Amino acid sequence: MKAAVLYGKEDVRLEERPIPKAGPNQMVVKINYVGICGTDVEFFRHGHPFYHEPMVLGHENSGTVSEVGEGVTEFQVGDRVLCGPPAHCVEDCPSCRRGETNICINGFPRTAGIGGPDGGYADYYLVRDVAHTMLIKVPDNVEFKDAVLFDVICVALHGIRKSDFKLGDNVVVSGTGPIGLSAIQFLKAGGANKIIVLGTNSAKFPTLKEYGADYCINTKECADIGGEIRSILGSPVGADIVFECAGQPDSLLNCIHQCVRPGGQVMIIGTIQSPVTLSPGNFQIFEPDLKSAFVYTADEVRMYLEMLAAGKISFPGMVTDIISLTDCVERGLDRKDRTGMLKILIDPSL
Ligand SMILES: [Zn+2]
Ligand SMILES: [Zn+2]
């Protein structure tokens, strides 16, 4: 089979490997789609932060179970499944005991395509320990192409569920990638009053409006973001809740200093890898609540699949390209022209 293997910074090699065999408590999944995540791009650009052996990338996996090892009882050959982050422990760590498996202290090293040798940028993926891994069955009437978007969409879902968002709130979403787009749709479905979106690429604004944005502000062209937001809201203060979905330092600073009303909330959903300089005294006097959210739980993925199956949500236009494993660097991880790009999927059969 083919597998795209990360060896280090800007070093991904396409290799021919034997199809894995399932040992006890293991399972093999034939991958049909794997999403290219911003995390994969980070690993490609900078190297993996803690795992230094060759690893197959890919944590946004969908496919069909092709082999189950001895001792696996919950899955059968032919089951349609998702496999992704976060893995969790069976040692019953304090986070897992509270049901917060997304912040399991043992989860990361067990997560597909993130903490170990195996991931979904391949024809087949070996699930090394079924009990430790997030595996979710996909309902028959949900297409894999929609189901496989679970990673970005459930990040938004979890962030909103963890926030203090209430029906009728005025909200700002900073970021126009797949996570921002998902957040807009959930906020609209949840009854937000005005949804204002901050982005840097006006070409995406028509899509954002189709998803539910009421107003879009191009932060590169707007000299007074706070003033613009207050004018849209017809209020001397900013939005009730601001969702940082861009994963950029400037975006977080805008959220805190320009967008949120006194006593409102800034929810950090995007993953910001660079340092951010904050002067707490400048915003502390207005008591904004800074909160963060990380990935999602298995229950939230099931919730997403149920809403998809019932036709309550849909994400048209989210997938902007489907590429082969051979093209995963040039047209994926190292893609130069990212204009209008949202989610790229790899189909290993291409
Ligand atoms: Zn991801
Ligand atoms: Zn745990």
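## Two zinc sites and their surroundings

The four donor atoms around the zinc ion (ligand 1) subtend angles of 72 to 134°, and the arrangement is therefore irregular. The structure is a predicted model, and the values below are computed from it.

**The irregular site.** The protein donors of ligand 1 are C37 (SG), H59 (NE2), E60 (OE) and D151 (OD), and they lie 1.8 to 2.5 Å from the zinc ion. Along the chain these donors follow the spacing C-x21-H-E-x90-D. Distant parts of the chain are linked here: H59 belongs to the loop between β4 and β5 (60-68), while D151 belongs to helix α4 (residues 150-162), and the two are 92 residues apart. H59 and D151 are both buried. Four donors count as tetrahedral if all angles lie between 85 and 135 degrees; the range at ligand 1 begins at 72°, so the arrangement there is classed as irregular.

**The tetrahedral site.** The zinc ion (ligand 2) is coordinated by the SG atoms of C89, C93, C96 and C104, at 2.3 to 2.4 Å. Around ligand 2 the four donor atoms subtend angles of 103 to 113°, which makes the arrangement tetrahedral. For four tetrahedral donors the ideal angle is 109.5 degrees. The donor spacing along the chain for ligand 2 is C-x3-C-x2-C-x7-C. Of these donors, C89 and C93 are both buried.

The table sets out the two sites.

| Zinc ion | Donors | Donor distances | Donor angles |
|---|---|---|---|
| Ligand 1 | C37 (SG), H59 (NE2), E60 (OE), D151 (OD) | 1.8 to 2.5 Å | 72 to 134° |
| Ligand 2 | C89 (SG), C93 (SG), C96 (SG), C104 (SG) | 2.3 to 2.4 Å | 103 to 113° |

**A surface patch.** I103 sits in the loop between α2 (94-97) and β7 (124-127). With a relative accessible area of 41%, I103 is partly exposed. Together with F50, F108 and F294, I103 forms a nonpolar patch on the surface, and the four residues have about 350 Å² of accessible area together.

**Strands and sheets.** Three strands form an open sheet in the order β2-β1-β4, with antiparallel pairing. Its edge strands are β2 (11-16) and β4 (55-56), each of which pairs on one side only. Strand β1 (residues 2-8) runs antiparallel to β4 and is joined to β4 by two bridges. In that pairing, V5 has V56 of β4 as its bridge partner.

Elsewhere, strand β16 (residues 343-346) is covered on both faces: K343 and L345 on one side, and I344 and I346 on the other, are all buried. Strand β3 (residues 27-35) pairs with β16 in the antiparallel sense over two bridges, and the partner of G35 in β16 is L345. By contrast, strand β15 (residues 319-323) runs parallel to β16, with four bridges joining them. Here I323 has I346 as its bridge partner in β16.

**A buried cysteine in a helix.** C259 is found in helix α8 (residues 249-259). Its relative accessible area is 0%, so C259 is buried. C259 and G238 are 21 residues apart in sequence, and their C-alpha atoms are 5.2 Å apart in space.

Key
Residues numbered from 1 in each chain as written. Chains lettered and ligands numbered in written order. Predicted model: local features only at pLDDT ≥ 70, side-chain atom pairs only at ≥ 80, totals over all residues. Heavy atoms only, no water. Donors = N, O, S within 2.8 Å, 3.2 Å for Na, K, Ca; no water. Tetrahedral: all angles 85-135°; square planar, octahedral: opposite > 155°, others 65-115°. Buried < 20%, exposed > 50% of the residue type's maximum accessible area, 1.4 Å probe, protein only. Pairing = 2+ DSSP bridges. Patch = residues over 30% accessible without salt bridge, like charges linked within 9 Å, V, L, I, M, F, W, Y side chains within 5 Å. Areas by Shrake-Rupley, 256 points an atom, 1.4 Å probe, with all protein chains shown as cover. Salt bridge = Lys/Arg side-chain N within 4 Å of Asp/Glu carboxyl O.
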